[in-house]
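User: I am new to this structure and would be grateful for a close look at a single part of its surface. Please set that part out in one connected account, and then place it beside other parts of the chain.

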Amino acid sequence: MVPHMGEKLYPLLLAPVYQSHIWGGNRIALLFHREHQQGPCAESWEISDRPDGMSIVTNGPLAGMSLHDLVTSRGKDLVGSASAAKAFPLLIKILDAKQRLSVQVHPNAKTAAQYGGEAKTEMWYVLAAEHGAMLFAGLADGTTAPSFQKAVDRGRVEESLGRIPAKAGTAVYMPGGLVHAIGEGCLLLEIQQNSNTTYRVYD
């Protein structure tokens, strides 16, 4: 579907794309009055220009059109005249971590070029969190390369990570290259570069 170039853009509603992972829960459906999904619902991709989870417009004259087709045909109207993006530059998700996620790191532009994949910087905004829930970002003071490797080998890597209490309203900036993990009991809004590249450190 290709829109008429004279079609005036309007506030677009996009269908969420749900992702099921073993660490997910059921709070996305409960809190946002969504249709319940079979199995754990770990992620809701709210705005996505990814082939493995494409946003589709659900309202108005452009209903049924993909976000990618909109960027292709009306990119300057969506992301500004200075952008040369061939895809929508952001991927916006809601994450429901019933269980703790793996310790991981995403590449920045330099390491993506060196090792492959897409650069990924992101930000977390805590929507809700269970009592005692934690976010992990960066390395704890005093951590060295040998001590970190030793912690990985012992299966105690979380002891080498910086800890941030997860409380509603907390925002955490996560540049590419920063080791991190999401603790159990966290419900997050994640705003990130349009990337799906992850290097897992410990699972």
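**The nonpolar patch and its surroundings**

Analyst: Helix α1 supplies three residues to the nonpolar patch, the largest share. The model discussed here is a predicted one. The members of this surface patch are Leu30, Leu31, Phe32, Tyr125 and Leu127, and together they have about 420 Å² of accessible area. Two elements, α1 (27–32) and β5 (122–129), each give two or more residues to the patch.

Leu31 may serve as an example from the patch. This residue lies in helix α1. Leu31 counts as partly exposed because its relative accessibility is 48%, a value between the 20% and 50% limits of that class.

A residue elsewhere offers a contrast in cover. Gln19 belongs to strand β1 (residues 17–19). Gln19 has a relative accessible area of 17% and is therefore buried, since the limit for that class is under 20%. Leaving aside residues up to four places away in sequence, Gln19 touches Pro40, Cys41, Ala42, Glu43, Trp45, Asp52 and Gly53.

Strand β6 (residues 134–139) is also mostly covered, with five of its six residues buried. This strand has two pairings to consider. With strand β7 (residues 161–165), β6 runs antiparallel and is joined by four bridges; Met134 has Pro165 as its bridge partner in β7. With strand β9 (residues 180–182), β6 pairs in the antiparallel sense over three bridges, and the partner of Phe136 in β9 is Ala181.

How values were computed
Residues are numbered from 1 along each chain as its sequence is written. This is a predicted model: local features need pLDDT of at least 70, side-chain atom pairs count only at pLDDT 80 or more; totals for chains, interfaces and linings use all residues. Side-chain values use heavy atoms; hydrogens and water are left out. Buried means under 20% relative accessible area, exposed over 50%, partly exposed in between (1.4 Å probe, protein chains only). Contact means heavy atoms within 4.5 Å. Two strands pair if DSSP finds at least two bridges between them. Patches are made of residues with over 30% relative accessible area and no salt bridge: like charges are joined within 9 Å, nonpolar side chains (Val, Leu, Ile, Met, Phe, Trp, Tyr) within 5 Å. Accessible areas come from the Shrake-Rupley method with a 1.4 Å probe; for residues, only the protein chains shown count as cover. A salt bridge is a side-chain nitrogen of Lys or Arg within 4 Å of a carboxyl oxygen of Asp or Glu.
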